[in-house]
Each structure stands twice: as C-alpha cells, then as structure tokens.
Amino acid sequence: MKYTVTGKQMKGIDQDTIQRIGIPSVVLMERAALAVADAAEGLLKKAKRQSGVRIVAVCGTGNNGADGIAAGRILRGRGYDVAIFLAGDSEHGTEEYQLQRRIAQEVGISMKPAAELTLCGSEIVLDALFGIGLGRRIEGEYQKLIEKINQRQDVDIVAVDIPSGIHGDTGAVMGVACRAAVTVTFGYMKSGLLLYPGREYAGKVLVEDIGFFDGSREQVGWDAAVLEREDMDRLPKRPPDSNKGTFGKLLVVAGSIGMSGAAYLSALGAYRTGTGLVRILTVPENRAVLQTLLPEAMVDVLEIPKGAFGREEGDRPEALSHNPEWENLCQAVKECCAWADGIVIGPGLGQAPYVEKLVEAVLVSTEVPVVMDADGLNAVARLPRLTRFFPGRVIVTPHMGEMARLAGQPIEALKADRLRAAREYAARTGAVCVLKDASTVIADPEGLAWINTSGSSAMAKGGSGDVLSGVIGSLLVQGMMRTEAAAWGVYLHGLAGEKAAKRQGERAVMARELAKALAF
C-alpha cells in the first residue's frame, strides 16, 4: 500500500527530514535533480534520440526551479546540449535557488530570461516553473510561457515534482498547466497527480526516493491511501474446510419492470467476487429472466401494492403505510433481511413513490451492512431523514450526478475537490462514501480516504456500477470492514475493467464481461 500527500504535508515531511533527522536540504535537492536527469535521459533513450537533442530547463524562482537548474547542470555534465531559462525575478529566489544558480554559473552554464525562450522542435523541456505549493491561478507572462511550451507537439515535457499549473492536492488546472510526458515526483505521490484532470496532465508518474523516511510521513500525516497488486493478500481467505455459508449471504434488492439487468449484474458481481449465497428481491416480472440468467441465485418477489407506481395523492409513500398489502410486503422484506449478512439496495429500482418506503423498510428491518446504490441513493436524496440509519452500517456509491443531489452541490464544485466532497458527506452522514468518477475516491466518517488507480475508459458503460455494488457487497459479507470493503471493491472492479479491456478492446467491453473478469 502506498500513500499520497498534500502540498502542506509534503512540506512538513521535508522540514522534518531536514531539521529533525538532519539531512541537509542540498542533499535532498541533488538527489531530486539526479532523478529528473535520469528520467529525461531515459525518455531520450526510449525514443532513440540521444544525439542532436537540446534539453531546455524552464525554471521558476522557488525550490522547484532550483531542482530544474540542478538537473540541467547534471545533464550538461553528461554531455547534453542544455539551455536554462529563468522566469520571474531571480533576486527574489529562495536560498536553494540562489545556490543552484551560482553553481550553474561556476560550471559555465549560461542562463537566459524565459522571455527569450524559443523552441525549434524535438527538445526535451524540464518544467520547473511551479511546484506543489501553487495556490493561485496562473496569469500574465507565466500563462504565455506555459502556452508557448504546450503548443509544440514535437516537444516532450518532463515535469519536476508536478506539472506547473496543476494543484497538488486536487488535480485542478489553475488556469493553464504544462502537459507532461513524464512527471518525476519526490518521496510520495501527490494526491493531485491521481485526480483528474491532473492525472491526465502528469503523463507517466515516477515516484522517486530522494531520502525521506516513513517516520516523517507518519508524524506529519498523509492524505489518502492507494492500493496496489502487492496488497492482494489482504483479501478474505478461502479456507479449504469451508462451505457456501462460510462466504456470506448477500441480499440484492434491485430491479423494477424492465430493469432485470441491474439486479442480474449486481448479483453476478457478488458471486464472481466469492459470495457463498446470493438472494435477489425484485418485482414479479423479473423472476423468470433472472432464474434463466443466474440460476445460482435465489429469487424472491416484491408484490407491489396496486397504484404504488403513480403520483396521485393516495399513492404517496406515507399513504402506503396504511395499506394492508404494503404491510405484507414489509413483512416479506423483514424476513429476507433477517436471512442476510449484508444487503445491496438500489440498482434498477426506479423512482416510483414506493421505492422510498422500500428503502426505509430495508433500513428499519436490519442492522447488517448495506451498500446503497443508484435509485436507493435517489430515494435518500428525496427523503434525507433516511441518513439517520447510515452511521456504522451504510456504504453509498454515488456517481457525480447522484452525489450532486445528495450533497446539494453542483457537479463542478464536487469535481473541483473530490476528496473534500467525499469526506464531508461521510462525516455528515456517518456513511462510507464511494464517489465514482474517472478517479474514484473513498472516504469514511473518520476522515480516512483512498484514491483508486485501477480501471479504464472501457468501464464507462451502463451496468458497470451495478457490478461494483455487488463486488462491494460480496466483500462485506465475507468479513471485510466497511472502508476496506469499499476501497478493495473499487480496486478489484477497476482491475477487472483493465483485464476485460485487454481481451475485448476499450470500446467493446460490456458490464457482464467486467463481472466475468473478476478472477483474481
């Protein structure tokens, strides 16, 4: 497992390393510069362009710029044609910047103002303008400089620590940003390099050890955790002396008329992730197709009271409470919930008035963990008092549109800081929040967070989220705690997407093929 940090946390780790542990700043800087130089040289070797290529270091006046000057010096020492361009007022540069500038001058490297930068094509540009501490929008001369660098399609950019213009914590573009082929970041991954659009701008990210210790990170703290394939041994074990009851019983409350596929995909995802027994609770119209598609699952039906699909006064959710048929349905729900070790509710339920009462009936009837997805979330958005059942029990899995309804915020605001949005909702409701997007984040009520790195665009298909709900539900009934089940479920779901994309191609993957690829 790896960890990401914010700009503030990285500064704290840096200071702890220098002041408490005693490693001089210049030592860390030389190791950082060496890593950048190696990355630039590796890019040249891969492209077989080692001769006749100019390396251009574009440097700001902070420590990021100092790293760029030092990397340029190292590459010059290796025999490359190196030019260094300085942006901003050099007289106001940091102490480390002034030191690296003096060293470069002593070894005979000329440095020119960034305003004189011209790119002829085929250069390698070392982007050392702004680091992870950038907190303002880039405008004026800096904006023009970055646009000049970006406009050359035949130039490869190596970003120092983070592409200039990307917010180190959120991945947001601060007006304009360099589009890197490679980003060399130091010590720990920065959250903004894993969150879009920063993830796209960063290109290939290399996390280089330059002398920091985990003791400093543990003392200062971190932003989010990141799962890796090496962590697979943390998944629930499957002892040889087991039976179907050993691996949990999952109830899937899903599917309205014409939406049997959502129930099928969720149940299939659960079985493929290792659940021992799956029971589907759905409308009568879905029974035959589900028993045909997934004969392994038990299917129970919801006898919905007459008129419960309408919006007339007598069909309002509160009116259903006095309907004898509804009382019978609630009793059936209670019996199904009593059987289950965990519940998935929401895929394909639709938005008829009775759904709100059904969601409430499930939450009232059980204390087992619940994964709430899709139309279950829409019911909560319409009936916010249902969140009183969330603490200690519920995992919510909204996409951005659903989260906008739950949180009462525009999608643009949520995307501007995904981690904050997930953390705030989790803290407010007591749920574990899986905020689904191209860079999915997971947060729990205590503030622990995860950033998912698996997956591909092949997963952007209807039904993918239904499979995910089943995967998370499966891990819950196999004994994982809420936060871990959510994080691992998202990670495994993404790995399955990558595997399916290799088999089928990015365009052709269907949701059921995601479930079939859950073989780890």
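# A guided tour, stop by stop

Start by selecting Asp161, which sits in the loop between β6 (156–160) and β7 (182–186). Those labels come from DSSP runs, numbered from the N terminus: helices are H or I with at least four residues, strands are E with at least two. Before you go on, know that this is a predicted model, where local features need pLDDT of at least 70, side-chain atom pairs count only at pLDDT 80 or more, and totals for chains, interfaces and linings use all residues. Residues are numbered from 1 along each chain as its sequence is written, and side-chain values use heavy atoms, with hydrogens and water left out.

**Unusual backbone spots**

Back to Asp161: its phi is near 75 degrees, a positive value in a residue other than glycine. Why stop for that? Most residues other than glycine have a negative phi, and most peptide bonds are trans. Asp161 counts as buried at 10% relative accessibility. Here buried means under 20% relative accessible area, exposed means over 50%, and partly exposed is in between (1.4 Å probe, protein chains only).

Now jump to Ala374 in helix α13. Its phi is near 50 degrees, again positive in a residue other than glycine, and Ala374 is buried at 14% relative accessibility.

Next, select Tyr196 and Pro197. A cis peptide bond joins the two, with omega at about 5 degrees. You'll find Pro197 in the loop between β8 (189–190) and α6 (198–202).

**Along helix α8**

Select residues 260–272 to light up α8, a helix of 13 residues. From its first C-alpha to its last it reaches 18 Å, close to the 18 Å expected at 1.5 Å a residue. That expected span is 1.5 Å times one less than the number of residues.

Is α8 enclosed or open? Of its 13 residues, 10 are buried, so the helix is largely enclosed by the rest of the structure. Color the buried ones, among them Tyr264, Leu265 and Leu268. What do they pack against? Show β11 (249–253), β12 (277–282), α9 (287–293), β14 (342–345), α17 (464–477) and α19 (511–516), and you have the neighbors of those buried residues; contact here means heavy atoms within 4.5 Å. Just after α8, click on Gly274, which takes a positive phi of about 115 degrees.

**Along helix α18**

Move on to residues 482–504, helix α18. Its 23 residues should span 33 Å at 1.5 Å a residue, and the end C-alpha atoms are 32 Å apart, which agrees. This helix is mostly covered, with 17 of its 23 residues buried. Just after α18 comes Gly505, with a positive phi of about 95 degrees.

**Salt bridges**

How many salt bridges does a search of the whole structure find? It turns up 21, counting a side-chain nitrogen of Lys or Arg within 4 Å of a carboxyl oxygen of Asp or Glu. Here are some to try:

- Asp16 and Arg20: their side chains meet at 2.8 Å, N to O. Being four residues apart in helix α1 (residues 7–21), they are separated by about one helical turn. Asp16 is buried at 9%, while Arg20 is partly exposed at 49%.
- Arg54 and Glu123: this pair meets at 3.1 Å, N to O. It links distant parts of the chain, with Arg54 in strand β2 (residues 54–59) and Glu123 in the loop between β4 (111–113) and β5 (124–128), 69 residues apart. Glu123 is buried, with a relative accessible area of 2%.
- Arg382 and Glu356: the closest N and O atoms are 2.6 Å apart. Arg382 is in helix α13 (residues 374–382) and Glu356 in helix α12 (residues 353–365), 26 residues apart. Arg382 is partly exposed at 30%, whereas Glu356 is buried at 8%.

**Cysteines**

How many disulfides does the structure hold? Zero, with a disulfide being a pair of cysteine sulfur atoms within 2.5 Å. Select Cys59: its sulfur is 12 Å from the closest cysteine sulfur, in Cys178, too far for a bond. Cys59 is buried, with a relative accessible area of 0%. Cys337 is in no disulfide either, and the nearest cysteine sulfur, that of Cys336, is 7.0 Å away.

**Charges over rings**

For the last stop, show Arg179, which lies over the face of Tyr201 at 4.0 Å from the ring centre. Then show Arg217, which lies over the face of Tyr3 at 4.0 Å from the ring centre. To count, NZ of Lys or CZ of Arg must be within 6 Å of the ring centre and within 35 degrees of the ring normal.
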